[in-house]
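Colleague: Please give me a close look at one part of this model. Then lead me outward from there.

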Amino acid sequence: MNIPSLANEIKALPKVELHCHLELAIRQSTLQEFALARGFQVQESRNFSQAFLIEEPMGELPSVLHKFLNTRDVLDSVECIERVAFEVCEDMYKTSNVRILELRYAPSFLLDKHKHISPDELQEAIHRGIDRAESMYPIAVGLICILQRTKSVEENASWVDFALNHRNRFLALDLADNEVDFDPEPFIPLFQRAKNAGLGITVHAGEPKIPGISKNIRTAIERMGADRIGHGLQAIEDDAIVKLLVDRGIPLELCPTSNWLTGACLSISEHPFNHLYEKGVYTTINTDDPGIMCTDLSNEFVLLAAHQNITIDQLKQCTKWAFEASFIDDKQKNSVWSEIA
Ligand SMILES: [Zn+2]
């Protein structure tokens with residue numbers, strides 16, 4: 001297989017990104033600039049990498065958690081956040097020809113450290129960045145509001161209110177964070193409420209490699225109204241879960257590099273992507289945290305072609321499924337897509 005020529009062909013394909021955490025998609029040069037300005041000793045790339053980047057499979061979770069927190073902590077003004085939102089969109093378009101982009105963030109996580117920024121100010125800053133990118137590039141961008149499993153039901157209820165109050169900009173609700181120690185069940189009523197109010201639903205479920213974890217996929221679909229599943233690669237452990245995904249036509253937002261780095265699979269070649277595809281699951285390809293995990297969407301496509309023999313036609317099929325599964329409205333999607341597809 002000629003990887004360089006394949007990479008060029010893949011880069012040119014118009015793409016859809018459904019699963020990307022806004023703050024962890026930050027451009028690395030910007031992150032380094034922000035960190036230096038705030039006193040981090042990260043002039044040398046080795047130090048920068050050690051403080052912020054995840055380049056090898058994670059060992060103990062706490063040893064890498066501080067990298068997420070460091071990144072969050074340097075985003076301490078609305079100006080920083082606006083710039084990050086703009087640059088993430090610009091990078092998606094320029095590195096990977098992404099035309100449909102869904103970004104997600106947890107207001108509770110971003111604001112925990114930055115009490116001087118109000119939720120509305122945060123939201124408006126993100127919109128300014130996105131709006132500028134949409135005016136410059138043929139890209140349609142939407143936002144997903146994340147609830148953190150680690151927060152109380154009461155706090156998360158207020159973030160559902162926030163999402164519904166910004167219904168014109170939030171497309172969907174998501175549940176993220178530590179799936180091992182925090183079950184989804186307490187949050188079921190919040191998701192039912194959001195679903196009834198018309199928000200799309202996607203849930204991080206079935207991600208870590210722990211026996212039995214795929215039950216969270218069933219809970220997300222049958223009790224939380226999930227339209228899509230974040231990751232969900234451990235569905236492969238249970239044929240009944242795979243059948244549920246296929247029967248209901250629920251797409252998986254798979255993120256190969258992230259799944260490898262978090263230990264959800266042992267290598268890209270051992271990722272269950274190809275098996276799930278063959279079983280008829282709507283597999284979509286995404287980046288999760290491209291900034292700190294040193295990847296981009298084109299690279300994720302190339303990795304699947306190189307390590308799993310996924311063909312260009314299959315990659316295009318995954319993009320078609322992602323296009324159809326995107327929560328962005330059809331008119332907006334078609335406006336950036338119809339002339340190229
Ligand atoms: Zn995620």
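Modeller: Four donors count as tetrahedral if all angles lie between 85 and 135 degrees; four count as square planar, and six as octahedral, if opposite donors are over 155 degrees apart and all others between 65 and 115; anything else is irregular. Keep in mind that this is a predicted model: local features need pLDDT of at least 70, side-chain atom pairs count only at pLDDT 80 or more, and totals for chains, interfaces and linings use all residues. Residues are numbered from 1 along each chain as its sequence is written, and side-chain values use heavy atoms, with hydrogens and water left out.

Start at the zinc ion. Its protein donors are His19 (NE2), His21 (NE2), His204 (NE2) and Asp288 (OD). They lie 2.1 to 2.5 Å from the zinc ion. A donor is an N, O or S atom within 2.8 Å of the metal (3.2 Å for Na, K and Ca); water is not among the atoms, so sites may look incomplete. The angles among the four donor atoms run from 82 to 167 degrees. That makes the site irregular.

Now read the donors along the chain. Their spacing is H-x1-H-x182-H-x83-D. His19 sits in the loop between β1 (15–17) and α2 (28–37), while His204 sits in strand β5 (residues 200–205), so this pair ties together parts that are 185 residues apart in sequence. These labels come from DSSP runs, numbered from the N terminus: helices are H or I with at least four residues, strands E with at least two. Both His19 and His204 are buried. Buried means under 20% relative accessible area, exposed over 50%, and partly exposed in between (1.4 Å probe, protein chains only).

Move on along the chain to α2. Thr30 is found in this helix. Its relative accessible area is 0%, so Thr30 is buried. What does Thr30 contact, leaving aside its neighbours within four places in sequence? The partners are Arg83 and Glu87. Contact here means heavy atoms within 4.5 Å.

Glu87 takes us to helix α5, residues 78–96. Glu87 is one of the buried residues of α5. Others in that list include Val84, Phe86, Val88 and Met92. The helix has 19 residues and reaches 27 Å from its first C-alpha to its last. That is close to the expected 27 Å, which is 1.5 Å times one less than the number of residues. Just after α5, Asn97 takes a positive phi of about 55 degrees.

Next comes the largest nonpolar core, with 101 residues. A nonpolar core is a set of buried Ala, Val, Leu, Ile, Met, Phe, Trp, Tyr and Cys residues joined through side-chain atoms within 4.5 Å. Phe191, Ile229 and Leu245 touch the most other members. The largest share of this core, nine residues, comes from α5. Look at Phe191 beyond its neighbours within four places in sequence: its contacts include Leu147, Ile201, Val203 and Met224. Another core lies apart, with 14 residues, among them Leu18, Ile100, Leu171 and Ala322.

Leu147 also leads to Asn156, which touches Leu147, Gln148, Lys151, Phe187 and Leu190, not counting residues up to four places away in sequence. Asn156 lies in helix α8 (residues 153–165). It is buried because its relative accessibility is 0%. Asn156 and Phe187 are 31 residues apart in sequence, yet 8.2 Å apart in space, C-alpha to C-alpha.

Last, the rings. The structure holds nine aromatic pairs. Rings of Phe, Tyr and Trp (its six-membered ring) pair if their centres lie within 6.5 Å; planes under 30 degrees apart count as stacked, over 60 as edge-to-face and the rest as tilted. Phe40 and Phe52 form a tilted pair, 5.2 Å centre to centre, with 55 degrees between the planes. Phe40 lies in the loop between α2 and α3 (45–52) and Phe52 in helix α3, so this pair ties together parts that are twelve residues apart in sequence. Phe40 is partly exposed because its relative accessibility is 24%. Phe52 is buried, with a relative accessible area of 0%. Phe323 and Trp337 also form a tilted pair, 5.1 Å centre to centre and 40 degrees between the planes. Both Phe323 and Trp337 are buried. Finally, Tyr105, Trp159, Phe162 and Phe170 form one aromatic cluster.
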